[in-house]
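The following exercises are to be worked through with the sequence and the structure at hand. Each task is followed by a solution in steps.

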Amino acid sequence: RLLSALPAALVQRRILNETVRNIPGMSLSKSPAELSLICYELAAALTGNYDPYSGLKHAQNEFALKLEPELRAMVAQSDDPLVTALHLAAAGNVIDLGVQHAKDIDIRAEIERTMSERFAVDHTEALNESLEKCRDLVYLLDNAGEIVFDKILIEELLKRTRVTAVVKAGPMINDVLMEDARQVGLTNLCEVIDNGGAFVGSPLNLVPESFMKRLEQADVIIGKGQGNYETVDEFPGDVFLILKAKCHVIAEHMGVQYGQVALISTRIRRATVSAAQTQPA
């Protein structure tokens with residue numbers, strides 16, 4: 001039964017208890033993004049609130065839209081607009097209510113910090129090379145608010161290739177839905193589709209076959225954020241992941257320090273690992 005009429009502390013406790021009961025049956029071979037789904041599904045089912053971040057998402061989109069003229073000016077005035085747009089997209093990845101409260105997010109400070117630093121892992125050159133041959137790019141979006149920063153990057157990518165942006169089919173924390181894409185005007189810029197579910201990232205074993213085929217058709221895939229890092233990093237294509245390391249485990253896996261941002265080519269990473277494995281001991 002729904003628990004929405006109960007005190008918040010009791011509701012939280014019930015959700016925690018139900019989640020803990022599911023832990024013994026979890027497979028540690030699955031990604032954190034996939035393992036965490038049970039928490040969100042239980043919270044929605046037990047409270048009847050399937051989109052608790054709706055209001056905050058709308059507000060974050062509106063705030064980011066106010067920044068849009070400044071962001072676009074930064075790109076227009078840059079000696080390398082694509083590189084500037086890539087760093088702005090990385091800066092936008094700070095907007096994540098999965099790990100922070102809205103009041104703790106200082107996006108202007110993050111823009112200044114990210115623009116003054118290089119990517120801790122920087123495969124921009126490889127991305128440029130891939131874009132020279134690319135005719136079909138799939139862009140996996142992440143959070144509300146951040147989508148405006150992605151929109152700026154997508155505008156630059158559209159000068160080189162066709163882009164299809166991907167939202168979630170159902171609410172998941174503050175991840176973007178089709179309504180967010182419409183709110184920020186992304187649907188007027190490029191094709192926008194959904195990945196077939198309410199997922200953290202796009203778990204390859206959970207997304208529908210039609211979406212897997214869409215990924216397979218793409219020449220290049222860009223994925224934003226940790227959820228996509230955890231779920232599409234092993235996809236056997238030309239994948240680039242843009243994200244900030246928001247936990248120490250992911251930072252270690254990325255090969256960066258906690259809090260750093262990176263642009264990672266999974267193709268280069270696979271080649272590096274393969275070469276290391278073939279080296280004599």
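**Exercise 1. The largest pocket**

About how much space, in Å³, lies in the largest pocket? Determine also which residues and helices line the largest pocket.

Solution. The model is a predicted one.
- Step 1: the space in the largest pocket comes to about 490 Å³.
- Step 2: its lining consists of 20 residues, and Ser31, Glu230, Thr231, Asp233 and Glu234 are those nearest the centre of the pocket.
- Step 3: at least two lining residues are supplied by each of helix 2 (32-35), helix 11 (225-232), helix 12 (248-254) and helix 13 (266-278).
- Step 4: helix 13 gives the largest share of this lining, with 4 residues.

**Exercise 2. The length and covering of helix 5**

Compare the expected span of helix 5 (residues 81-92) with the distance between its end C-alpha atoms, and state how many of its residues are buried.

Solution.
- Step 1: helix 5 has 12 residues, and at 1.5 Å a residue, counting one less than the number of residues, the helix should span 16 Å.
- Step 2: the end C-alpha atoms of helix 5 are 16 Å apart, so the two values agree.
- Step 3: a residue counts as buried when its relative accessible area is under 20%. In helix 5, 10 of the 12 residues are buried, and the helix is therefore mostly covered.
- Step 4: the buried residues of helix 5 include Leu82, Leu86, His87 and Leu88.

**Exercise 3. The two sides of helix 7**

Which residues of helix 7 (residues 124-133) are buried, and why may they be said to line one face of the helix?

Solution.
- Step 1: Thr124, Ala126, Leu127, Ser130 and Leu131 are the buried residues of helix 7.
- Step 2: when helix 7 is viewed down its axis, these buried residues fall within an arc of 155°, and therefore they line one face of the helix.
- Step 3: Glu125, Glu132 and Lys133 are exposed on the other side of helix 7.

**Exercise 4. The nonpolar cores**

Identify the residues with the most contacts inside the largest nonpolar core, and list the contacts of Leu137.

Solution.
- Step 1: nonpolar side chains tend to be buried together in soluble globular proteins.
- Step 2: in this model the largest nonpolar core has 45 residues, and Leu137, Tyr139, Leu153, Leu157, Leu186 and Ile222 have the most contacts inside it.
- Step 3: with residues up to four places away in sequence not counted, Leu137 touches Leu131, Leu157, Thr161, Arg162, Val163, Thr164, Val220 and Ile222.
- Step 4: another core, of 29 residues, lies apart from the largest one; Leu140, Val200, Leu215 and Ile221 are among its residues.

**Exercise 5. Two residues and their surroundings**

Decide whether Arg214 and Val256 are buried or exposed, and describe the surroundings of each.

Solution.
- Step 1: Arg214 lies in helix 10 (residues 209-217). The relative accessible area of Arg214 is 12%, so Arg214 is buried.
- Step 2: Arg214 and Val138 are 76 residues apart in sequence, while their C-alpha atoms are 8.3 Å apart in space. Not counting residues up to four places away in sequence, Arg214 touches Asp136, Val138, Arg162, Thr164 and Ile193.
- Step 3: Val256 is placed in the loop between helix 12 and strand 6 (261-265). Its relative accessible area is 11%, so Val256 is buried.
- Step 4: if neighbours within four places in sequence are left aside, the contacts of Val256 are Ala120, Val121, Ala245, Ala251 and Ala262.

Methods: Residues are numbered from 1 along each chain as its sequence is written. This is a predicted model: local features need pLDDT of at least 70, side-chain atom pairs count only at pLDDT 80 or more; totals for chains, interfaces and linings use all residues. Side-chain values use heavy atoms; hydrogens and water are left out. A nonpolar core is a set of buried Ala, Val, Leu, Ile, Met, Phe, Trp, Tyr and Cys residues joined through side-chain atoms within 4.5 Å. Buried means under 20% relative accessible area, exposed over 50%, partly exposed in between (1.4 Å probe, protein chains only). Contact means heavy atoms within 4.5 Å. The arc is that of the directions from the helix axis to the C-beta atoms. On a 1 Å grid over the protein atoms alone, a cavity is a set of points where a 1.4 Å probe fits but cannot get out, and a pocket is an open set with protein on both sides within 12 Å along at least five of seven lines; lining residues have an atom within 4 Å of a point. Grid points are joined across faces, edges and corners, and a volume is the space filled by probe spheres set on the points.
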